[in-house]
Amino acid sequence: MDETIGLVTAGTEIMTGQAGKVGRGLRSIGANIAKLATDAGELEYTVNGVTKSISLFDETTGDMKNTYQVLSEISQDWNKMSKAEQSTLAIAQAGKTQIDVYTSIMSNFDTAINATATSLDSQGSAMKENEAYMESMEAKLNALKAQFQELVLGDGGLNSFLKVLIDLGVNILKFINDIGGLPTILLTIASAIGIIKGEEIATSILKLIELIPTLITGIKTLGWTYEDGALKITASNTAMVAS
């Protein structure tokens with residue numbers, strides 16, 4: 001990625017405002033180099049009438065060299081070539097439609113080197129900043145974990161609180177078992193409910209007893225007679241007949 005940035009920078013510095021064309025040209029150049037590597041394994045070109053060849057594969061790893069590596073090696077001979085030799089190589093590498101991209105990059109390859117180095121430095125700085133940030137985040141997360149562990153496991157923490165609750169539960173269950181178990185508790189609760197209901201019934205009966213004198217007084221004020229098979233009750237000059 002950094003090397004691609006370097007090549008595009010070198011090309012667009014000459015071909016101002018044509019980054020798209022430079023990008024397309026680099027794709028064509030890269031494809032032609034890959035095809036040549038597959039077919040021949042090396043690139044031959046002429047420098048002042050002398051044929052020179054470079055391998056398109058890395059001798060150490062055996063991997064195919066990328067576009068930047070190949071152009072970097074060619075750049076060492078570029079200024080030594082005649083115009084005709086440069087043109088022949090450019091057409092072979094880029095084709096007639098992308099020859100201007102090829103020659104722009106090769107004639108300005110120092111910029112490609114510098115731009116690549118700058119990109120690598122920037123990436124290195126960004127990586128260092130990211131590492132510092134991650135280390136800071138890790139430190140904060142470790143501090144958070146430590147505080148959480150202290151909250152759960154430390155003295156007076158949740159762990160101690162849970163122990164207190166468990167001990168309380170054990171003591172309550174022990175007390176219930178000591179007084180006769182669950183049936184005793186249920187009987188006690190039922191008795192308490194019965195006492196409360198009993199008090200309510202007693203209160204209702206007392207109120208009913210209080211009404212009896214009033215009822216008797218009312219009956220005494222009534223007059224009772226029996227005529228023609230009917231019971232006649234009179235009170236306060238008002239007659240009521242019950243059949």
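Visitor: In which helix is G20 placed, and what is its relative accessible area?
Guide: In this predicted model, G20 has its place in helix α2. The C-alpha atoms of G20 and V8 are separated by 9.4 Å, with their positions 12 residues apart along the chain. G20 counts as partly exposed because its relative accessible area is 42%.

Visitor: What span should α1 have, and how far apart are its end C-alpha atoms?
Guide: The buried residues of α1 are D2, G6, L7, A10 and G11. With 13 residues at 1.5 Å a residue, α1 should span 18 Å. This agrees with the separation of its end C-alpha atoms, which is 19 Å.

Visitor: Is T116 buried or exposed, and with which residues is it in contact?
Guide: T116 lies in helix α6. Its relative accessibility is 5%, and therefore T116 counts as buried. Leaving aside neighbours within four places in sequence, the contacts of T116 are D2, E3, G6 and Y68.

Visitor: How many bridges join β1 to β2, and which residue of β2 is the bridge partner of L43?
Guide: β1 and β2 run antiparallel and are joined by 6 bridges. Within this pairing, E44 stands opposite S53. The bridge partner of L43 in β2 is I54.

Visitor: Which residues of β1 make up its covered face, and which its uncovered face?
Guide: In a regular strand, side chains alternate between the two faces of the sheet. In β1, the covered face holds L43, Y45 and V47. The uncovered face consists of E42, E44 and T46.

Visitor: Which residue in the turn between β1 and β2 has a positive phi, and what is that angle?
Guide: β1 and β2 form a hairpin with 2 residues between them. N48 lies in the loop that links these strands, and N48 counts as exposed because its relative accessibility is 57%. A positive phi is found here in a residue other than glycine. The residue is N48, and its phi is near 55°.

Visitor: Is V50 buried or exposed, and how far is its C-alpha atom from that of M81?
Guide: V50 is found in strand β2. Its relative accessible area is 52%, so V50 is exposed. V50 and M81 are 31 residues apart along the chain, and their C-alpha atoms are separated by 9.8 Å.

Visitor: Where is K65, and is it buried or exposed?
Guide: K65 has its place in the loop between β2 and α3. Leaving aside neighbours within four places in sequence, K65 is in contact with S55, L56, F57, D58, V70 and E73. Its relative accessibility is 15%, which lies under the 20% cut-off. K65 therefore counts as buried.

Visitor: Which members of the largest nonpolar core touch the most other members?
Guide: In soluble globular proteins, nonpolar side chains tend to be buried together. The largest nonpolar core here has 28 residues. The elements that each give two or more residues to this core are α1, α2, β1, α3, α4, α5 and α6. The members that touch the most others are I74 and Y102.

Visitor: Which residues does I74 touch, not counting those up to four places away in sequence?
Guide: Two of the residues touched by I74 are L43 and Y45, which belong to the covered face of β1. I74 also touches I54, the bridge partner of L43 in β2. The full list for I74 is L43, Y45, I54, M81, L89, Q93, Y102 and M106.

Visitor: How many helices and strands are in the protein chain, and in what order do the elements run?
Guide: The protein chain has 8 helices and 5 strands. Among contacts between residues at least 6 apart in sequence, 51% join residues at least 24 apart. From the N terminus on, the order of elements is α-α-β-β-α-α-α-α-α-α-β-β-β.

Visitor: What percentage of the residues of the protein chain count as buried?
Guide: The protein chain exposes about 17000 Å², and carbon and sulfur atoms supply 61% of that area. Of its 243 residues, the share that count as buried is 23%.

Visitor: Over which residues does pLDDT stay under 50?
Guide: The protein chain averages a pLDDT of 77, and 59% of the residues score at least 70. Where pLDDT is low, the predicted coordinates should not be read in detail. The model has 10 contacts beyond four places in sequence for the stretch where pLDDT stays under 50, residues 236-243.

Definitions and conventions. Residues numbered from 1 in each chain as written. Predicted model: local features only at pLDDT ≥ 70, side-chain atom pairs only at ≥ 80, totals over all residues. Heavy atoms only, no water. Core = buried A, V, L, I, M, F, W, Y, C linked by side-chain atoms within 4.5 Å. Buried < 20%, exposed > 50% of the residue type's maximum accessible area, 1.4 Å probe, protein only. Helix = DSSP H or I, 4+ residues; strand = E, 2+ residues; numbered from the N terminus. Contact = heavy atoms within 4.5 Å. Expected span 1.5 Å × (residues − 1). Pairing = 2+ DSSP bridges. Areas by Shrake-Rupley, 256 points an atom, 1.4 Å probe, with all protein chains shown as cover. pLDDT = per-residue confidence, 0-100.
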